[in-house]
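User: I'd like to go through the labels on this one and see what each of them rests on. Can we take them one at a time?

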Amino acid sequence: MMSPWVQRLLLANLAAFLFSQVSPSFTQYFALVPAAILLRPWTLVTYMFLHAGFFHIFFNMLMLFFFGPRLEERLGSRTFIRFYLICGVGGAVLSLMTPFAMVVGASGAIFGVVLGFARYWPREDIYIWGVMPIQARMLAIFMVVVSLLAGFTGAQDGIAHFAHLGGLVAGWLFLRTWESRRQRRVAHRPVSRPKTLGTQDIDAVERWTAIPRERLHEINLEELDNLLRKIDEFGVKALSHEEREFLDRMANTG
């Protein structure tokens with residue numbers, strides 16, 4: 001199912017692409033040119049909604065469609081859109097290393113989304129072209145290596161590899177910071193008398209506590225422990241919709 005911000009981002013990118021086909025000057029005004037960043041600071045954000053051609057936008061939006069909704073459910077919509085934009089800005093910042101290039105595309109933000117997906121579901125199989133399986137963590141590692149090699153060897157392929165790398169770095173830093181803050185909030189949460197479980201919640205709690213812990217990535221395992229502790233202290237009704245979705249997903253995939 002399409003998540004709220006993924007749907008909005010798809011529509012915004014499509015609208016910007018169609019408008020740029022009608023008015024070429026639109027791209028020139030909103031594309032990122034690092035040498036002109038002081039004159040057009042808004043391009044740090046606007047460049048990520050522009051694309052150089054049909055296949056450019058098609059593959060970026062395809063990856064957003066497949067990886068974005070699940071990550072948005074995991075992070076929550078407000079955190080997800082902040083994450084997406086920060087990854088895109090991170091791509092713009094690292095693109096300053098190529099001052100006279102014109103940079104367009106959501107690739108920096110998309111690479112951050114793929115990294116986030118791989119962080120929380122590292123062993124999930126991704127099928128390249130629908131036939132060749134590769135684990136999400138291996139796909140993320142491959143993307144990092146390609147961006148590093150191409151960026152620092154100066155590959156002349158018309159691809160903004162530094163934008164890709166910047167999106168990956170910004171995404172990693174964002175998630176590390178976000179997870180650290182969540183852990184501190186859980187650690188400092190005041191202890192309250194445990195709530196009594198209603199009969200309708202007993203089955204759900206039994207499924208969640210039976211999740212095979214040995215199959216979980218350490219990040220998901222830590223989140224599971226935090227949520228089970230939250231249930232013990234405050235009851236099932238204290239869980240947000242995203243937290244219940246996370247527990248159900250871990251129970252179904254475990």
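Analyst: Sure. Let's start with a cut-off: a charge sits over a ring if NZ of Lys or CZ of Arg is within 6 Å of the ring centre and within 35 degrees of the ring normal. Keep in mind that this is a predicted model. Here the charged end of Arg74 sits over the ring of Phe246, 4.7 Å from its centre.

User: What other ring does the charged end of Arg74 sit over?

Analyst: That of Tyr120, with 4.4 Å to the ring centre. The limit is 6 Å, and both 4.4 Å and 4.7 Å pass. Asn220 belongs to the picture too, since Asn220 touches Arg74, Tyr120, Phe246 and Met250, leaving out residues up to four places away in sequence.

User: Where is Asn220, and why is it called buried?

Analyst: Asn220 is in helix α10, residues 218–234. Its relative accessible area is 3%, and buried means under 20%, so Asn220 counts as buried. Asn220 and Met250 are 30 residues apart along the chain, yet their C-alpha atoms are separated by 8.4 Å.

User: What makes Asn13 buried?

Analyst: A relative accessible area of 0%, so Asn13 falls under the 20% cut-off. Asn13 sits in helix α1, residues 4–22. Beyond residues up to four places away in sequence, Asn13 touches Met48, Phe49, His51, Ile57, Met61, Tyr84 and Ala106.

User: And why is Tyr127 only called partly exposed?

Analyst: Tyr127 has a relative accessible area of 47%. Partly exposed runs between 20% and 50%, so that value fits the label. Tyr127 lies in strand β1, residues 125–128, and touches Met132 and Pro133, not counting residues up to four places away in sequence.

User: How many aromatic pairs are there, and what makes Phe65 and Phe66 edge-to-face?

Analyst: There are 14 aromatic pairs. For Phe65 and Phe66, the ring centres are 5.4 Å apart, and a pair needs them within 6.5 Å, so the two rings pair. Their planes are at 80°, over the 60 degrees required, so the pair is edge-to-face. Ring pairs also link Phe19, Phe26, Tyr29, Phe30 and Trp42 into a cluster.

User: Why do Phe65 and Phe66 get separate exposure labels?

Analyst: Because the exposed label starts over 50%. Phe65, at 39% relative accessibility, counts as partly exposed, while Phe66, at 54%, counts as exposed.

User: How do you know that the span of helix α5 agrees with what a helix should give?

Analyst: Helix α5 covers residues 77–94, which is 18 residues, and at 1.5 Å a residue these should span 26 Å. The end C-alpha atoms are 26 Å apart, so the span agrees. Buried residues in α5 include Phe80, Phe83, Tyr84 and Cys87.

User: Which residues touch the most other members of the largest nonpolar core?

Analyst: Leu64, Tyr84 and Trp208, out of 62 residues in that core. Helix α6, residues 107–120, gives the most to this core, with nine residues. Leu64 is in contact with Val6, Leu9, Leu10, Pro69, Phe80, Tyr84 and Ile110, leaving aside its neighbours within four places in sequence.

User: What about the chain overall: how many helices and strands, and what share is buried?

Analyst: Eleven helices and two strands, with buried residues making up 44% of the 254 residues. The chain exposes about 14,000 Å², and carbon and sulfur atoms supply 64% of it.

Key:
Residues numbered from 1 in each chain as written. Predicted model: local features only at pLDDT ≥ 70, side-chain atom pairs only at ≥ 80, totals over all residues. Heavy atoms only, no water. Helix = DSSP H or I, 4+ residues; strand = E, 2+ residues; numbered from the N terminus. Expected span 1.5 Å × (residues − 1). Buried < 20%, exposed > 50% of the residue type's maximum accessible area, 1.4 Å probe, protein only. Phe/Tyr/Trp six-rings, centres within 6.5 Å; stacked < 30°, edge-to-face > 60°. Areas by Shrake-Rupley, 256 points an atom, 1.4 Å probe, with all protein chains shown as cover. Contact = heavy atoms within 4.5 Å. Core = buried A, V, L, I, M, F, W, Y, C linked by side-chain atoms within 4.5 Å.
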